[in-house]
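Student: I should like to learn how salt bridges and chain interfaces are read in a structural model. Could we work through an example together?

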Amino acid sequence: MVKENLCVQSVAHISHRRPQQEAGEICGVSFGSRGEVVMNDLQWIQSAKNGDEDAYAKLVRRHSGGLHRTVARILADDTEAWDVVQMAFLKAWQKLDRYNPRYSFTTWLYRIGTNLAIDLLRSRTSRERAHKAGTEHRLRLVGTGEGAGARADSNETDNVLQQLVGVLTPQQRSAFVLREMEGLETAEVAEVLGCSATTVRNHIFQARKALRRELRVRFPEYLPASERG
Amino acid sequence: MNCGIFREMIGSYVDETLEEGRRHWFRTHLRECPTCRESALREEPSLLFAMAPAAPGEPEEIEACAVAVMGRIRQDRLESRLHRRRRPWLAVAAAAALVISGGIAWRTMVGGGSGTLQPVVEARRDAELQSSPPTVEVEMAGEEVRVYQFANEADSDTAVYFIVDPALEL
């Protein structure tokens, strides 16, 4: 699984296809670049299934940061995202016996977390959405004379998304965040969302179209000078 | 050289027709080359989101999440254990309560007077004197304070426990 944006704790353990350049494996035991024993997700899951709570706590520490970032982008709410992350790990714990080790634990966990986030989005009342739209504030960009590329830093990306993501459906949000922001492959996004690759591409296409339209209306700073008028 | 290839790929990237390996290279170059980033954003503003950060999250928040999840798991486990153990005890207790209340009602109806209740009250006092006092334990778990109240001294598994959050404002 290629996840270029995943957090540092998880990225080394997600990819089964990632070449082992620095780490090594002797007699089934993985070693890190400094010779320390590295437990992978499957080993910790097996220990957790046998009742080792500490092993599960390590899985939570390894994956909660990345899952939180994804869920926070889908929900456009940092605090609510932590609640969803906690619920996802609890649900995963309750269903641990049903986890199929042939699949990546991350994909399985992200599927649980994304589904919870989508359910939450659907349950939000229109009144809450209206309140949020009314209280949002315009992003203030530093150095308006500079080019858009030079201004586009990392926090800015999340701030802009937070203000525009309301125009997307829950499925479009999830697909766009997983694919465009987290860098998952189409097949992985399809697995997380439980739909076909074609549906994922369609969600991405529609999301990009809507975001492009909103960016032109609300953030003309990102348009070429000729289009700003 | 790379920048020329990058610009040719913008359309394919947006159309989702780029092979995954090339897509990965495109995204890396988008982040690393300010000139290409500038021109790409002019052509397709939504590429802004491909530069989202990979920040792993604050360690304190991750630790707080782990503590909360594990606390809840332990609580659920204890609750389910208590639930399983309590069931037969509850059935016996309910049956005993029915017999006692039925007996009291019958005696009241037949015999009448407060004197008939006296033996029951005395029996209850005797039982209270004979039973051992409940065992209470206090445990510090991270920032939490847990107060356990065990059913009796002989059974260290059956307990009700409370988690006291020190940050809670009363």
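Tutor: Let us begin with burial, where buried means under 20% relative accessible area, exposed over 50%, and partly exposed in between (1.4 Å probe, protein chains only). Here A:Arg62 and A:Asp41 are both buried. This is a predicted model, in which local features need pLDDT of at least 70 and side-chain atom pairs count only at pLDDT 80 or more, while totals for chains, interfaces and linings use all residues. Residues are numbered from 1 along each chain as its sequence is written, chains are lettered from A and ligands numbered from 1 in the order in which they are written, and side-chain values use heavy atoms, with hydrogens and water left out.

Student: What joins A:Arg62 to A:Asp41?

Tutor: A salt bridge is a side-chain nitrogen of Lys or Arg within 4 Å of a carboxyl oxygen of Asp or Glu. For A:Arg62 and A:Asp41, the closest N and O atoms are 2.7 Å apart. A:Arg62 belongs to helix α3 (residues 53-75) of chain A and A:Asp41 to helix α2 (residues 41-49), 21 residues apart; helices here are DSSP runs (H or I, at least four residues), numbered from the N terminus.

Student: How many salt bridges cross the interface of chain B and chain A?

Tutor: The rule finds seven across that interface, and 16 over all chains of the structure. One of the pairs between chains is B:Glu63 with A:Arg61, at 2.7 Å from N to O. This pair runs from helix α4 of chain B to helix α3 of chain A. B:Glu63 counts as partly exposed because its relative accessibility is 34%, and A:Arg61 is likewise partly exposed at 32%.

Student: Why does the pair of A:Arg212 and B:Glu44 join two chains?

Tutor: A:Arg212 lies in helix α11 (residues 197-218) of chain A, whereas B:Glu44 lies in the loop between α3 and α4 of chain B, so the bridge joins two chains. Their closest N and O atoms are 2.9 Å apart. A:Arg212 is partly exposed at 23% relative accessibility, but B:Glu44 is buried at 6%.

Student: Which residues do salt bridges with shared partners join into one network?

Tutor: They are A:Arg179, A:Glu180, A:Arg208, B:Glu16, B:Glu20 and B:Arg23. Within this network, A:Arg179 meets B:Glu16 at 2.9 Å, N to O.

Student: How many residues of each chain are in contact across the interface?

Tutor: Contact means heavy atoms within 4.5 Å. By that criterion, 38 residues of chain B touch 58 residues of chain A.
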